[in-house]
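Here is a friendly walk through one model, best read with the coordinates open beside you. We begin with charged pairs and then move on to sheets, helix and core.

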Amino acid sequence: FKELWIQRNSWKGPKIYVERDWTEEMTDKFRMINGYEGSYWIDPFGNVKNKKGRVLKPIDLGGGVKAIDLYGQGLRDRKLITVLLMETFPELVENDE
């Protein structure tokens, strides 16, 4: 079965379209997050996993906005899931221009 998932970074931000087709093996398409190579990966659905393979629970900031805390060099960095998706999967971004 297929469903279309739309996520926006902001009211005027770019749209990210991901077609979920559970017959394909999309769940195994994790890519490394830039700046955290070897520590964190993200898939096209916004699931983030750490180097132990554990999928991390996102933080709900309200209004449908989700973030994740990433740690590197002893510092915490809170990143929006939509920003991570746009940086890691640029082919998912549709420009309204």
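The structure holds four salt bridges, a salt bridge being a side-chain nitrogen of Lys or Arg within 4 Å of a carboxyl oxygen of Asp or Glu. Before we look at some of them, please keep in mind that this is a predicted model, in which local features need pLDDT of at least 70 and side-chain atom pairs count only at pLDDT 80 or more, while totals for chains, interfaces and linings use all residues. Residues are numbered from 1 along each chain as its sequence is written, and side-chain values use heavy atoms, with hydrogens and water left out.

The table lists three of these pairs.

| Salt bridge | N to O distance |
|---|---|
| Arg-31 and Glu-91 | 2.9 Å |
| Arg-78 and Asp-69 | 2.8 Å |
| Asp-77 and Lys-79 | 3.6 Å |

What does the pair of Arg-31 and Glu-91 tie together? Arg-31 belongs to strand β3 and Glu-91 to the loop between α1 and β9 (93-94), so the pair links parts that are 60 residues apart in sequence. Helices (H or I, at least four residues) and strands (E, at least two) are DSSP runs here, numbered from the N terminus.

For accessibility, buried means under 20% relative accessible area, exposed over 50%, and partly exposed in between (1.4 Å probe, protein chains only). Arg-31 counts as partly exposed because its relative accessibility is 36%. In the pair of Arg-78 and Asp-69, Arg-78 is partly exposed at 41%, whereas Asp-69 is buried at 16%. Asp-77 is partly exposed at 29%, and Lys-79 is partly exposed at 23%.

**The sheet of β6, β7 and β8**

Three strands make an open antiparallel sheet in the order β6-β7-β8; two strands pair if DSSP finds at least two bridges between them. At the edges are β6 (59-62) and β8 (75-80), each pairing on one side only. From one strand to the next, the twist averages 35°. Angles run from 0 to 180 degrees between N-to-C directions, and axes are lines fitted to C-alpha atoms, for helices over the stretch in contact.

Strand β7 (residues 65-72) is joined to β8 by six antiparallel bridges. Across this pairing, Asp-69 stands opposite Arg-78 in β8, and the side chains of these two residues also meet in a salt bridge. On the other side, β6 and β7 pair in the antiparallel sense over three bridges, with Asp-60 opposite Lys-66 in β7. The hairpin of β6 and β7 has two residues between the strands, and Gly-63 there takes a positive phi near 65°.

**The sheet of β3, β4 and β5**

A further open sheet of three strands has the order β3-β4-β5, again with antiparallel pairing. Its edge strands, β3 (31-32) and β5 (48-50), each pair on one side only. Two antiparallel bridges join β3 and β4, and the bridge partner of Met-32 is Trp-41 in β4.

Strand β5 contains Asn-50. Is Asn-50 buried or exposed? Asn-50 counts as buried, because its relative accessibility is 14%. A polar atom of the Asn-50 side chain lies 3.0 Å from the backbone nitrogen of Arg-54. Leaving out residues up to four places away in sequence, Asn-50 touches Ser-39, Tyr-40, Trp-41 and Leu-56, where contact means heavy atoms within 4.5 Å.

**The helix and the core**

Which helix lies across β3, β4 and β5? That helix is α1, running at about 85° to β4. Helix α1 is mostly covered, with six of its eight residues buried: Ile-81, Thr-82, Leu-84, Leu-85, Met-86 and Thr-88.

The largest nonpolar core has 13 residues; such a core is a set of buried Ala, Val, Leu, Ile, Met, Phe, Trp, Tyr and Cys residues joined through side-chain atoms within 4.5 Å. Ile-33, Tyr-40, Ile-42, Val-48, Ile-68, Leu-70 and Leu-84 have the most contacts inside this core. Two or more residues each come from β4 (40-42), β7 and α1, and α1 gives the largest share, three residues.

Ile-68 offers a good view of these surroundings. Apart from neighbours within four places in sequence, Ile-68 is in contact with Val-48, Leu-56, Lys-57, Pro-58, Asp-77, Arg-78, Lys-79, Ile-81 and Leu-84.

Definitions and conventions. A polar contact is a pair of N or O atoms within 3.5 Å; within protein, one must be able to donate a hydrogen and the other to accept it, and residues adjacent in sequence count only if both atoms are side-chain atoms.
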